[in-house]
Amino acid sequence: MSGMTETNQTLDIDIVVPCYNEQDTLAAHVRRLHTFCRTSLHHTWRITIADNASTDDTARIADDLAAMLPGVHAVHLAEKGRGRALKAVWGASPATVLVYVDEDLSTDLAALEPLVAPLLSGHSDLAIGTRLADSSRVVRGSKREFISRSYNLLLRTTMGVSFSDAQCGFKAVTKRAAERLLPLCEDDAWFFDTEMLVLAEHAGLRIHEVPVDWVDDVNSSVQIASTATEDLKGMWRVSRGIATGRVPVGTVYDAIGRRPFTPPHVGFLGQVLRFGAIGVLSTVAFAVLYALFRPAIGAQTADFLALLLTAIGNTALNRRFTFGVRGRAGAGRHHVQGLVVFGIAWAITAGSLVVLHSSVPGASHGAEILVLTAANLFATCVRFVLFKAWVFRSGRRRPELIRPGTTPAADASTAATEPIAVDERTGERTGERTGERAA
């Protein structure tokens, strides 16, 4: 029997509708969703209205809908935040698949069955609606279209993920995956679902995408500027957490990750952006250190010490964040090579001082800082080329054998002692040790 859940039935789908001050539209939209579920879904279902500490009549309307409509449930939270609501409701739900839809129902509900089917079958771990597929039909203004595409492009290039649309309010996750991912998600607001998707992909989970038909809600209360700022902060926090190992995505991979796993790869543009950000920090640090050292030890010595200190930090940051190298394996060699790169950069900046003093005898400290800053920016470009082509060259890595949270060297050591049999036709691991199968 399909339809709304009953006490003696397993709940297949819990559709959560987070809402805040939606008294004017909540009743009509929930009734529309309820009618669709009752007439079109082929699984047991429940609709959960998650009231995000509304200050209008939303809470009462939610309770009335729960009392009148079979299969509708209302939950009231004391604090605002879409992420907070989803973590609370999904965490307590008994359903096999947990769904989230925007209250405005901008996404055509015809995509709901294709969204949950791969998760109920066990094929995928998460599913998202995408407005950016060629077959999607989307009606929205040019401003929102530009912001959405820019955000998702930035997400893919800087964080190495492959999903196309992180912001569509139409997502689903299996209960099994949610139990592993939700404790790792720190955001309680709009960045929550992006964070969950990034962690899922870095943990080797499978994300299914469904092209959707979507019509923009002109009455949306989302503040674009503030939301974009918080999203950028969230991207930096999550990227740093994964790179440093503070967010243990490897534990998720060990428990439910899909094998073999190819870690998300940060492309060239993403590497340039990360390297550029680190370069800006290094340049500022260099200028500050030079200004502090210059009065006491002279221009050339101050230049050398300031560049040496920033070069050591620059190498360490780029090793971890730009080129994704973790652990101690090869760290000594990388820093030695980094010092060689430092020598080249120092020659560039020292040469700029020689040129300045020969051209403008008695140049001021301010002029020296400006010239050295420009020279250091050029040296930064040279450093990137040398880092990518020489120091952190990764042409011989086999990323499909790298477990999240480990270093290539450590994984290779494990693979050498515990070889895994691989099906030559499909490329899938059989789970048997080659020695065991031969026996």
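Which residues form one aromatic cluster with Phe-275? The cluster joins Phe-275 to Phe-384, Phe-387 and Phe-392. Please keep in mind that this is a predicted model.

## Aromatic pairs

Let us begin with the rings. The structure holds 5 aromatic pairs. In one of them, the ring centres of Phe-275 and Phe-384 are 4.9 Å apart and the planes meet at 65°, so this pair is edge-to-face. It bridges distant parts of the chain: Phe-275 belongs to helix α10 (residues 268-297) and Phe-384 to helix α13 (residues 365-391), with the two positions 109 residues apart. Phe-275 is buried, at 4% relative accessibility, and Phe-384 is buried as well, with a relative accessible area of 10%.

Phe-275 has a further partner in Phe-387, again edge-to-face, with 6.2 Å from centre to centre and 85° between the planes. This pair, too, links distant parts of the chain, from Phe-275 in helix α10 to Phe-387 in helix α13, 112 residues apart. Phe-387 counts as buried because its relative accessibility is 0%, and the limit for burial is under 20%.

## Charges over rings

Two rings are worth a look for the charged side chains above them. Lys-80 lies over the face of Tyr-20, at 4.2 Å from the ring centre. At Tyr-253, the charged end of Arg-259 sits over the ring, 4.4 Å from the centre.

## The largest nonpolar core

Now to the nonpolar side chains. In soluble globular proteins, such side chains tend to be buried together. The largest nonpolar core here has 43 residues, and the members that touch the most others are Trp-90, Leu-126, Leu-155, Phe-163, Leu-181, Leu-199 and Leu-205. Two or more residues each come from the helices α3 (82-92), α5 (142-159), α6 (175-181), α7 (192-202), α8 (224-244) and α9 (249-256), and from the strands β5 (97-101) and β6 (126-130). Helix α7 gives the most to this core, with 6 residues.

Leu-126 is a good place to zoom in. Setting aside neighbours within four places in sequence, Leu-126 is in contact with Leu-119, Ala-172, Val-173, Leu-181, Met-196, Leu-197, Ala-200, Leu-205, Arg-206, Ile-207 and His-208. Two of these partners, Leu-181 and Leu-205, are themselves among the core members that touch the most others.

## A separate core

Another core lies apart from the largest one. This core has 36 residues, including Cys-37, Ile-49, Leu-105 and Ala-111.

Terms used: Residues numbered from 1 in each chain as written. Predicted model: local features only at pLDDT ≥ 70, side-chain atom pairs only at ≥ 80, totals over all residues. Heavy atoms only, no water. Phe/Tyr/Trp six-rings, centres within 6.5 Å; stacked < 30°, edge-to-face > 60°. Helix = DSSP H or I, 4+ residues; strand = E, 2+ residues; numbered from the N terminus. Buried < 20%, exposed > 50% of the residue type's maximum accessible area, 1.4 Å probe, protein only. Lys NZ or Arg CZ within 6 Å of the ring centre and 35° of its normal. Core = buried A, V, L, I, M, F, W, Y, C linked by side-chain atoms within 4.5 Å. Contact = heavy atoms within 4.5 Å.
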